[in-house]
Amino acid sequence: MLRVFVETSGRPSQIEIKSSSGSPRLDQSAQEAVSRWKFIPARQGQDVIGAWVLVPIMATAYAVAVSPLASWSFTSIRELGLGMAFGS
């Protein structure tokens with residue numbers, strides 16, 4: 001699980017490992033992949049804000065897969081009723 005701060009531009013500025021895959025190489029690969037993403041930034045009312053998000057990762061010996069939900073806005077996730085926790 002990665003903890004990512006998404007700026008108002010949608011770019012990640014801080015990427016932390018919240019829980020490791022167990023492999024430093026896979027963790028680093030996941031961080032590098034997410035650093036190239038552009039997210040839909042969070043909103044508070046009509047204002048775009050920077051916010052922390054949790055990005056689930058699944059690692060295997062062959063690849064690192066990240067959740068496609070990570071690029072969705074907070075509003076979309078709430079509307080889906082997924083009950084995902086986001087912390088700051």
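**Notebook: the three-stranded sheet**

I started with one pair: Val6 has Pro12 in E2 as its bridge partner. Strands here are DSSP runs of E with at least two residues, and helices are runs of H or I with at least four, numbered from the N terminus.

Note to self: this is a predicted model, where local features need pLDDT of at least 70, side-chain atom pairs count only at pLDDT 80 or more, and totals for chains, interfaces and linings use all residues. Residues are numbered from 1 along each chain as its sequence is written, and side-chain values use heavy atoms, with hydrogens and water left out.

Next I looked up the pairing. E1 (residues 2-6) is joined to E2 by 5 bridges, and the two run antiparallel. E1 and E5 also run antiparallel, with 5 bridges; Val4 has Val53 in E5 as its partner. Two strands count as paired if DSSP finds at least two bridges between them.

That gave me an open sheet of 3 strands in the order E2-E1-E5, paired antiparallel. E2 (12-17) and E5 (51-55) are the edge strands, each pairing on one side only. Neighbours are turned by 25 degrees against each other on average, direction ignored. Axes are lines fitted to C-alpha atoms, for helices over the stretch in contact, with angles from 0 to 180 degrees between N-to-C directions.

Then the helix: H1 (24-35) lies across E1, E2 and E5, at about 160 degrees to E2. Contact means heavy atoms within 4.5 Å.

Last, I checked E5 for burial (buried is under 20% relative accessible area, 1.4 Å probe, protein chains only; exposed is over 50%, partly exposed in between). Ala51, Val53 and Val55 are buried on one side, Trp52 and Leu54 on the other. With 5 of its 5 residues buried, E5 is therefore largely enclosed by the rest of the structure.
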